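Please prepare a briefing on the structure shown below. Its topics should be the salt bridges, the surroundings of the ligand and one of the sheets.

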Amino acid sequence: MLTGADWWKKAVFYQIYPRSYMDSDGDGIGDLPGIIEKLDYLNDGTANSLGVDAIWFSPFFKSPEYDYGYDIADYCDIDPRFGTLEDFDRLVSEAHRRGIRVMLDLVVNHSSHEHPWFKESRSSRDNPRRDWYIWRDGVGPRNRPPNNWRNHFFGPAWTYDEHTEQYYLHSFLPQQPDLNWFNPQVRRAVDDVVRFWLDRGADGFRLDVAHVYCKDEQFRSNPPFYRRPKAAEKASIGDLSLPVYLFYLLGLPELQAKLYNQHHPETHRVLKEFRKTLDEYPEKTSIGEIVGQDPRVTASYYGTGNDELHMNFYFDLTHCRWKAGAFRRAVERWESLLPAEAWPAYTFSNHDIVRAISRFGRGSDSDARARLLAMLLLTLRGTPFIYYGEEIGMKELRLPRRLLRDPVGKKWYPFHRGRDGCRSPMQWKGGHAAGFTSGDPWLPIGPEAERRNVAFQDKDPRSLLNFYRRLIWLRKEQPALITGSYRSVVEGVPGDCYAYLREDKGKRLLVALNFAARRRKLCLPPTLEPSRLLISTAESRTAGEPGSPLILDSYEGCLLEL
Ligand code: TEU
């Protein structure tokens, strides 16, 4: 197991969506015993396994599943669909035995409306837990919601409760009431939850929508989207994919600039307290899901002097157009904005967005592009997060409306099919339900499962899976890829290629990525002449002599020693 206070900087993380990973009891829903069965696949200590060092689990706590686990009804228990606390303990010890750390999803902007805290809170206006959530009177003769805030999925952020004749706030579904982070008792209760899991062996947390915790205390209405403050560091139009740019520009789906219901300064104080608790325990870590239009704001969640979150996702990279320069500029922007001691984290996929291979892929180019992205992800300076199935090139599942499970998809279909498409069951082998369950899987199996599965790719040395394995194990032996500095190389590099140096104690590695569908020649300056090829995405190229000038095949990426 990676040890030391900085283990997470050296680690490769893997995200599991527990509902969809492995079902051990045939009910069509993945579970903890199923995950335990697959831990050897993730890391058995040899290069035959994927070699990941940590898993982030999307929530498996007690939940009525209006938002599939992101609505929690008991923070300190496992949902019976997934198993028991004993299964959790076994998961931790079996994972640790294999050198795999365990990261839990902390979803505390809101709870489920079925959480006992909320049930008490809504029971009467003078209940001691009333102020644990955010209750306001309606306004005007027509008893309108307290302000114009919209929730992040669809519709108003306020729901009227007939029983006590007040509105409560929910930044997501009405079944996800927001906790009141200005209440010190709430902070203590969440701190207890954090300690409960740390004491039970968890190695850290991913913080769900941490930028939303605290809201304007005066509950001012948000301005319309066209009056949004200018974000000086926003990625240029050319660098973001068009839908994402429009999403930002129009403040979709709310058509408002979320000025007063996110990124409140008090949230930073909350996160500093959270960090103090983590620091009482040895070797713990955290990563924030901070969504913001301005990367300077996202960067601020590292705190001052690294006293907030250990890492924050940088989603700009996820939303780039397929252009070498767009990726390069996005990385450079993040590198230049981060405080010196802040550690980047990168990902291309998660349970909320279209799978990268389908988002970036074009027809028959998809697999080559997926390999290139793998090389980028695993060679940048920062901690890589792989989403389950990414390593076998699982593609987005496209569902008709009647089969959608995600409330976001049901609402926005056909403009947005929701998030079911990236949550389809892990594809283990050919045949029934891709080996995920002996029963009926809760979501259909993704496309091309007969070859996009673990068993099939395990046997093929040229498969994407084996490429991931080689790259991950190679990374472990190259300190320059982990602690080394990052520097873009532009001289002699064509515009549709992206190259960078990773340097550590005199050891210099060059990463050269060709984003074009055609061959490209790199005329590198003599000081950057590669001497040895470590690995290429193209199986036709064998390790060793790099050749000069360096010619990259279509979508080829090379990792070279200088
Ligand atoms: O996501 C927050 C978030 O902003 C995105 O969900 C986004 O709004 C959405 O995908 C638009 O389609 C986190 C979790 O990752 C997500 O799964 C939860 O649904 C959400 O918080 C609420 O807990």
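In this predicted model, the side chains of E280 and R195 form a salt bridge, with 2.9 Å from N to O. The pair ties together parts of the chain that are 85 residues apart in sequence, because E280 lies in helix α8 and R195 in helix α6. Side chains of opposite charge can pair when their charged atoms come close. The count of salt bridges in the model comes to 51.

**Salt bridges between helices α8 and α6**

- E280 is exposed, with a relative accessible area of 54%, above the 50% cut-off for that class.
- Its partner R195 is partly exposed, at a relative accessible area of 22%.
- A salt bridge also joins the side chains of E273 and R187, where N and O are 3.2 Å apart.
- E273 belongs to helix α8 (residues 265–280) and R187 to helix α6 (residues 184–199), and this pair links distant parts of the chain, 86 residues apart.
- Are E273 and R187 buried or exposed? E273 is partly exposed, with a relative accessible area of 38%, whereas R187 has a relative accessible area of 15% and is therefore buried, the limit for that class being under 20%.

**A salt bridge between a loop and helix α12**

- The side chains of E539 and R371 meet in a salt bridge with an N to O distance of 2.5 Å.
- E539 is in the loop between β18 (532–536) and β19 (550–552), and R371 is in helix α12 (residues 366–379), so this salt bridge ties together parts that are 168 residues apart in sequence.
- R371 counts as buried because its relative accessibility is 12%, while E539, with a relative accessible area of 24%, is partly exposed.

**A salt-bridge network**

- D67, D352, D406, R419 and R423 are joined into one network by salt bridges that share partners.

**Surroundings of the ligand**

- Which residues are closest to the ligand? They are D67, D208, H351, D352 and R419, out of 16 residues that surround the ligand.
- By class, seven residues of this shell are charged, five are nonpolar and four are polar.
- D208 has a polar side-chain atom 2.8 Å from an oxygen atom of the ligand.
- For H351, an N or O atom of the side chain is 2.9 Å from an oxygen atom of the ligand.
- R206 places a polar side-chain atom 3.0 Å from an oxygen atom of the ligand.
- On its own the ligand has 490 Å² of accessible area, and the protein covers 90% of this area.

**A sheet of three strands**

- Strands of a sheet pair through backbone hydrogen bonds, either parallel or antiparallel.
- The strand order β6-β8-β7 describes an open sheet of three strands with antiparallel pairing.
- The edge strands of this sheet, β6 (135–136) and β7 (158–161), each pair on one side only.
- Strand β8 (residues 166–169) pairs with β6 in the antiparallel sense over two bridges.
- Which residue of β8 is the bridge partner of R136? The partner is Y167.

Key
Residues are numbered from 1 along each chain as its sequence is written. This is a predicted model: local features need pLDDT of at least 70, side-chain atom pairs count only at pLDDT 80 or more; totals for chains, interfaces and linings use all residues. Side-chain values use heavy atoms; hydrogens and water are left out. A residue is near a molecule or strand if one of its heavy atoms lies within 4 Å of it. A polar contact is a pair of N or O atoms within 3.5 Å; within protein, one must be able to donate a hydrogen and the other to accept it, and residues adjacent in sequence count only if both atoms are side-chain atoms. Accessible areas come from the Shrake-Rupley method with a 1.4 Å probe; for residues, only the protein chains shown count as cover. Ala, Val, Leu, Ile, Met, Phe, Trp, Tyr, Cys and Pro count as nonpolar, Asp, Glu, Lys and Arg as charged, and the others, Gly among them, as polar. A salt bridge is a side-chain nitrogen of Lys or Arg within 4 Å of a carboxyl oxygen of Asp or Glu. Helices (H or I, at least four residues) and strands (E, at least two) are DSSP runs, numbered from the N terminus. Buried means under 20% relative accessible area, exposed over 50%, partly exposed in between (1.4 Å probe, protein chains only). Two strands pair if DSSP finds at least two bridges between them.
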